Every structure is written in structure tokens, then in C-alpha cells.
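Trainee: I should like to learn how the packing of helices is read from a model. May we work through an example together?

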Amino acid sequence: MSHTEADFLRREEDAALFRPILVTGRSFWIAVSVLAAIVLLGVYAYTQQLRDGLSVTGLNRPVFWGFYITNFVFFIGISHAGTLISAILRLCQAEWRRAITRSAEVITVLVLFFGVGNIIIDLGRPDRAIFVLQHGRFESPLLWDVTSISVYLTASTIYLYLPLIPDLALLRDHAGKRRRFYQLLALGWTGSPRQHRLLERGVAIMAVLVIPIAVSVHTVVSWVFAMTIQPMWHSTIFGPYFVAGAIFSGIAALIIAMAVIRRVYHLEDYLKPVHFNHLGILLLVMTLLWLYFTFAEHLTSYYGAEPAHMAVFWTKVSGSYAPAFWSMVAFCFVIPFVLLANPRTRTVKGTVIASLSVTIGMWLERFTIVVPTLMNPRLPYERGSYTPTWVEGAIMAACFAAFILLYVLFTKFFPIVSIWEIKEGRAKAVEETTERIRSYLPAGRPAAVENLLRGSFR
Amino acid sequence: MVIDLDKCTGCQTCVYACKAENNIPVSKIPDRTISWMDLLTIVEGEYPDVKARFIPRPCMQCDHPPCTKVCPVGATYRNDEGLVGQIYSRCIGCRYCTAACPYTVKYFNFSDPSWPAEMLASLNPDVPRRPKGVVEKCTFCHHRLQKAREQARAEGRELRPGDYVPACVQSCPADAMYFGDLDDPHSTVTQLARSSRAFRLLEELGTEPKVIYLSEVEWREPHRS
């Protein structure tokens with residue numbers, strides 16, 4: 001660190017938010033090396049798959065889909081962490097959003113690549129992936145996914161970038177390194193009132209646009225399954241069920257990311273227990289919603305008792321997928337519900353444990369949706385089974401590692417907490433919020449009361 | 001296609017005739033073995049009152065195929081003759097059709113095809129070998145149809161019934177399989193399809209399969225637990 005940077009950090013009120021970009025410690029390099037090693041292992045595994053085809057996986061007939069498709073659904077679900085939550089909080093003018101929106105939006109943009117990536121990894125002929133654009137058929141739900149996810153990726157990237165511009169200008173002026181890089185990205189931001197007006201309008205428009213797009217994304221992901229006539233996939237509840245599950249796992253991922261950032265970069269002053277408490281309450285609501293959907297879905301199948309459906313149902317409830325199914329119930333409901341319903345355990349630590357539990361549980365949910373249906377074809381074949389191989393495990397680990405690695409790198413180039421929004425909040429929010437609250441309340445003596453009093457005493 | 005289950009002996013000649021005709025690779029892994037024509041076995045009752053029923057199962061060539069709907073690239077499609085085709089050079093290997101087919105008749109090439117050296121010389125030159133990573137299934141020996149049509153054209157005549165039958169039908173030693181034009185009201189298959197013994201697999205799904213089974217005993221899907 002040069003002399004001027006040190007000087008700047010000493011003077012700057014929000015120095016802690018600049019520090020990750022300006023100062024790099026040993027732990028960063030350790031983390032990067034470990035993550036990169038896992039990614040390399042995954043790359044090696046994938047070269048094996050390219051050479052020998054999907055025979056290196058545990059996939060078979062009839063279980064044609066396994067880990068990769070599960071990961072696809074899971075990662076797309078996690079992507080709902082960011083843009084959607086951030087957009088809703090912005091539109092609700094929730095003041096506590098200021099410190100968390102950026103870290104949420106980054107999750108969305110980065111994790112989408114791994115959602116799409118898993119589909120390509122799953123292809124028997126990845127060299128022909130481009131055919132989906134060249135010869136795409138809109139009758140196929142996969143094309144709906146391609147469309148919806150591309151729009152979502154574009155919108156989320158814009159939605160991440162817009163509020164980043166003032167911070168890029170701050171870095172351009174003060175960081176003392178990568179000046180040309182930040183200058184290019186800051187698009188000549190000077191902070192004039194006109195620029196602020198434009199930015200606010202842009203962010204507001206994107207926040208509104210992004211919500212229906214996000215809802216569409218996970219709806220069409222569920223429709224990949226629901227549009228077939230396979231037992232326990234062909235369900236009208238799947239769209240909303242998947243959207244709710246996506247927001248559920250998204251909030252959990254956000255809480256975990258925030259806790260790590262807070263710890264590693266010492267941002268306790270910015271990411272406070274109140275943030276975790278508020279997100280914890282949101283997560284609690286989603287826990288209950290998840291239970292409701294899961295119960296409704298399974299009761300409907302059970303009560304209807306169609307043999308083809310029941311074969312899948314029993315595989316999940318008491319058959320070979322019972323351990324996965326019941327751990328899912330424990331991870332998605334029992335553990336988070338107990339921790340989050342009690343204000344005394346809804347602490348930073350408590351919400352993080354609940355979030356880890358939800359993340360594991362939601363992965364299991366995706367897994368128990370994909371595989372048991374395929375295991376139980378309608379005609380009298382031998383029942384299928386599925387045991388993933390090390391290749392699938394390594395590629396999955398690599399996806400997680402690569403996502404975390406990109407996230408870590410992002411924090412080294414860009415402020416992970418929006419600096420200008422914090423400054424703006426400090427300068428204006430108290431006044432604005434007071435004014436807003438005042439506008440909710442009745443005036444000293446409303447005209448109606450005045451008239452009433454006059455009338456009764458006449 | 002009409003398959004008379006009351007005549008079927010379960011000998012599996014159709015299964016192996018199909019494999020030889022269509023260059024099906026030899027695989028040692030049971031749950032990855034490709035078998036365009038498969039013999040399903042249903043065991044009913046408990047010892048000593050056990051009955052086994054056999055059902056030869058080719059592609060149903062549905063009139064409303066759930067598989068073609070979901071293909072993102074048009075690699076599987078219903079052609080003008082009503083056959084469900086597969087274009088190996090178009091398939092991206094996403095296996096959406098394999099997951100969507102309620103009859104599970106679609107097969108995926110998990111690895112490059114291989115045959116014992118002795119078999120290489122007897123591979124059928126009329127049928128392409130499929131590379132790893134693509135989906136395939138029964139085509140009702142479409143290559144035979146093409147050949148028969150060319151023959152008819154060379155002889156300057158219309159295609160006649162019996163000009164072409166798939167390998168499974170041709171090989172059935174019990175004469176349990178019939179093949180013909182279901183649009184022709186006078187064909188044998190149409191007559192048989194009207195029989196009171198006729199049924200189709202998973203008819204309730206509305207897929208309109210073009211494989212019709214005949215059986216004295218009422219068909220129902222076996223219950224599983």
C-alpha cells in the first residue's frame with residue numbers, strides 16, 4: 001500500500017469498505033489457492049467426461065438426469081437471492097437494505113453462469129450447444145429457459161452495474177490503483193444532481209422490471225419438469241413451488257455470504273445483527289411457505305393414490321430416497337424453524353446455521369424431485385437406481401468453488417457494500433424516513449373530527 | 001404394428017433381430033444397454049400361482065408424442081408418415097426426450113459404440129452408427145421403408161403392402177407380429193386393431209400409440225409398491 005492510500009484510508013469515514021480493495025492479506029491468497037485447486041480438479045474431471053462421454057457418470061437408463069440437472073435447478077434457485085430480494089427491498093424503501101443489496105446482486109449474476117454451465121456440462125454433445133440458438137424450437141420448455149435466463153442475466157447485470165457507477169467513480173478518484181479500469185467503468189460520473197436523478201430513475205425502472213423476470217425464470221425452470229406427463233413432475237403447483245423455493249434458498253445464500261464478508265473484512269459496523277434478524281424473519285416466512293407447498297404437493301399425490309404417482313411417492317417417503325427426503329424436511333423446516341422462530345436464537349450465528357441448513361435442504365429438495373420420478377417409469381421395467389461417481393462430485397464441488405472464487409475476486413475489485421448508498425443514507429435517510437413516517441400519521445386534528453365535534457354540540 | 005400377445009412365446013427373437021438389423025452396440029452394463037425392441041416381463045401372483053406375461057416393446061410411434069414436443073432443437077420429430085424420427089447429427093444429448101417419454105423407449109449413447117471384432121463385418125451398411133452423446137430409439141426400420149420406396153419407384157409402381165416390414169416383424173417365429181398401413185381400412189393391421197382383444201399401452205395418456213396389442217386377458221399395468 002502506497003503512502004497516499006494509507007493517508008486516504010486514515011481520513012475516510014467508510015475506510016472499512018475500501019480496505020478489501022486496497023489491502024490484500026495472506027488469507028486471501030490461501031483462499032484463492034484452495035478454491036482454484038478444487039476448480040482444477042473439476043476441470044480435470046470434465047476432461048474425462050469429454051473423452052469418454054457421460055459413461056463416466058452414474059447416470060443410466062432410466063435415470064437419465066442426476067447431479068447436473070439438480071445443480072442447474074439449485075443454482076438458478078440461489079440466483080434469486082440477489083436481484084429479486086434487492087429489488088423488493090428497494091421498492092419497499094426498506095432503509096436497512098443499503099448495506100446488503102450489492103452483496104445480494106453479485107450472487108445473482110455470478111451464480112447464473114453455473115446454472116447455465118450445469119446444463120451444458122449435462123449435454124451429451126456440448127459441442128452442439130449452439131444448436132439451441134440455431135435450430136431452437138419454442139415448443140420446448142428448454143427454449144423458454146434459454147430465453148428467460150438470458151433476459152434475467154442481462155437485466156441482473158445492468159441492475160448490479162447501475163448502482164455500482166458512483167462507487168466506481170469513488171475508486172477512480174481515491175483508490176490510487178487500476179485508475180484507467182475504474183475510469184472506463186465509471187462512465188464519467190461526477191455526482192451532479194442530474195446524474196443522480198438519472199441513476200435513481202434507472203435503478204427504479206430496473207428494480208420493477210427485474211421482479212417479473214426473476215419470477216419467470218424459476219417458473220420456467222420448474223416447467224421443464226411440469227410440462228412432461230411424468231408422475232410427480234406433472235404438477236400445476238410446480239411454478240410457484242419452485243419460485244418460493246428459489247427465494248427461500250436465495251435468502252439463505254445471501255445470509256451466508258453476508259456473514260462471511262462481515263467476518264473476513266471486519267464489516268461488523270455495516271452488516272449488523274439487525275440485518276441478520278430482518279433477513280432471518282424473511283427466511284422464517286419462506287420456511288413456513290416451503291412447508292405448506294411441500295405438504296400440499298405430497299398430500300395431493302397421496303390422496304389421489306394413482307399407482308404411477310404412488311411409486312414415486314413411496315420411493316421418496318419410505319423407499320431408497322427416504323433418507324434424502326426426510327433430511328430435506330429436517331434441513332428445510334425443522335432446523336430453520338426452531339432457530340428462526342425464537343428471537344433469542346435469531347442472532348448472526350443462529351441465522352447462519354439456519355441458512356446453511358436451508359441450503360443443504362434445498363439442494364436435497366431438487367435432488368428428490370429429479371431422480372425418484374425417473375427411477376419409476378410407468379411400464380413394468382426393473383426399477384432404476386442412481387449412484388453418482390467421483391466425476392459428478394468433483395464437477396459439483398468445482399462449481400461451488402468457482403462461484404465462491406469469482407465472488408471473492410469481485411470483492412477485490414469492487415466494494416461489496418455500496419459506499420455511496422451508505423453515505424447517502426447517513427446524510428439523508430433519517431430526515432426522509434421521519435418525513436415519510438409523519439405522512440402515515442393523522443394530522444393533529446383532522447377536518448372530519450372537527451366537523452363531528454361541531455355538529456354534536458350545535 | 002400389431003403384436004398378438006396370445007401368440008407371443010417370449011423367445012426374444014424380435015429383440016435380437018432388431019439389434020442385428022440396427023447396429024445396436026454391445027454393452028456389458030445392464031442399465032446402459034440399448035435395446036430398441038425390449039421384452040417386458042410381468043410376473044403376476046405368488047408361488048405356486050405364478051403367471052408371467054411378456055410384452056415386446058418397440059417405440060410406440062405415437063401420434064401425439066410427448067418426446068418430440070420437448071426437443072429443443074427438433075432432433076426428434078414426427079414425420080409425414082407418422083413415424084417418430086431421430087436425427088443423430090442434430091441431437092445435443094440433453095436427454096429431455098428420454099425423460100419425457102412415458103414408455104421409456106428412448107436410449108442414450110453413454111459411450112462410443114463398440115462391437116466384438118467378429119461382429120464388425122456383419123454390421124448393417126444401411127444403418128448409421130451412432131456416436132456417443134446422442135439419443136436413439138426404434139425407427140420401425142425406416143431404412144427399409146426408404147429402400148422399399150426406391151425399389152417401387154424404380155419399378156414404376158406404388159408402394160404395396162408387404163413391400164416393407166421391420167426386422168422384428170420379419171423374424172417373429174410365432175407369427176405374433178403384424179405390420180401394415182393403419183390408414184388403409186382393408187389392411188390386416190386395421191382389421192386386427194378393431195378386434196375386441198386390442199388395446200394400447202398407457203392409452204389414458206392420450207399419446208395415441210401406433211403399436212396395438214392383442215390379448216384375451218385384460219391388460220392392466222402391474223401394481224407396484
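Mentor: Certainly. This is a predicted model. Let us begin with a contact: in α6(A), the residues R102(A), S103(A), V106(A), I107(A), L110(A), V111(A), F114(A), N118(A) and I121(A) meet α17(A) through I395(A), C399(A), A402(A), F403(A), L406(A), Y407(A) and F410(A).

Trainee: How is such a pair described in general, and at what angle do the axes of α6 and α17 of chain A cross?

Mentor: Two packed helices are described by the angle between their axes and the distance between those axes. Here the axes of α6 (residues 101–122) and α17 (residues 390–413) of chain A come within 10 Å and cross at roughly 150 degrees. Because of that angle, α6(A) is roughly antiparallel to α17(A); angles over 145 degrees count as such. The crossing of α6(A) and α17(A) is right-handed.

Trainee: Which hand has the crossing of α13(A) and α16(A), left or right?

Mentor: The crossing of α13(A) past α16(A) is left-handed. Their axes lie 10 Å apart, at an angle of about 35 degrees. Among the residues in this contact are F276(A) and W290(A) of α13(A), and V358(A) and M362(A) of α16(A).

Trainee: Where does α15(A) bend, and what covers its buried residues?

Mentor: Helix α15(A) bends by about 35 degrees at A330(A). From first C-alpha to last, its 20 residues reach 27 Å, close to the expected 28 Å. The buried residues of α15(A) include F325(A), M328(A), F333(A) and P336(A). Their cover includes α12, α13, α14 and α16 of chain A.

Terms used:
Residues numbered from 1 in each chain as written. Chains lettered and ligands numbered in written order. Predicted model: local features only at pLDDT ≥ 70, side-chain atom pairs only at ≥ 80, totals over all residues. Heavy atoms only, no water. Helix = DSSP H or I, 4+ residues; strand = E, 2+ residues; numbered from the N terminus. Expected span 1.5 Å × (residues − 1). Bend = angle between axes of the 7 residues up to and from the residue. Buried < 20%, exposed > 50% of the residue type's maximum accessible area, 1.4 Å probe, protein only. Contact = heavy atoms within 4.5 Å. Axes fitted to C-alpha atoms, helices over the stretch in contact; angles between N-to-C directions. Parallel < 35°, antiparallel > 145°, perpendicular 65-115°, else oblique. Left-handed = near helix turned anticlockwise from the far one by under 90°.
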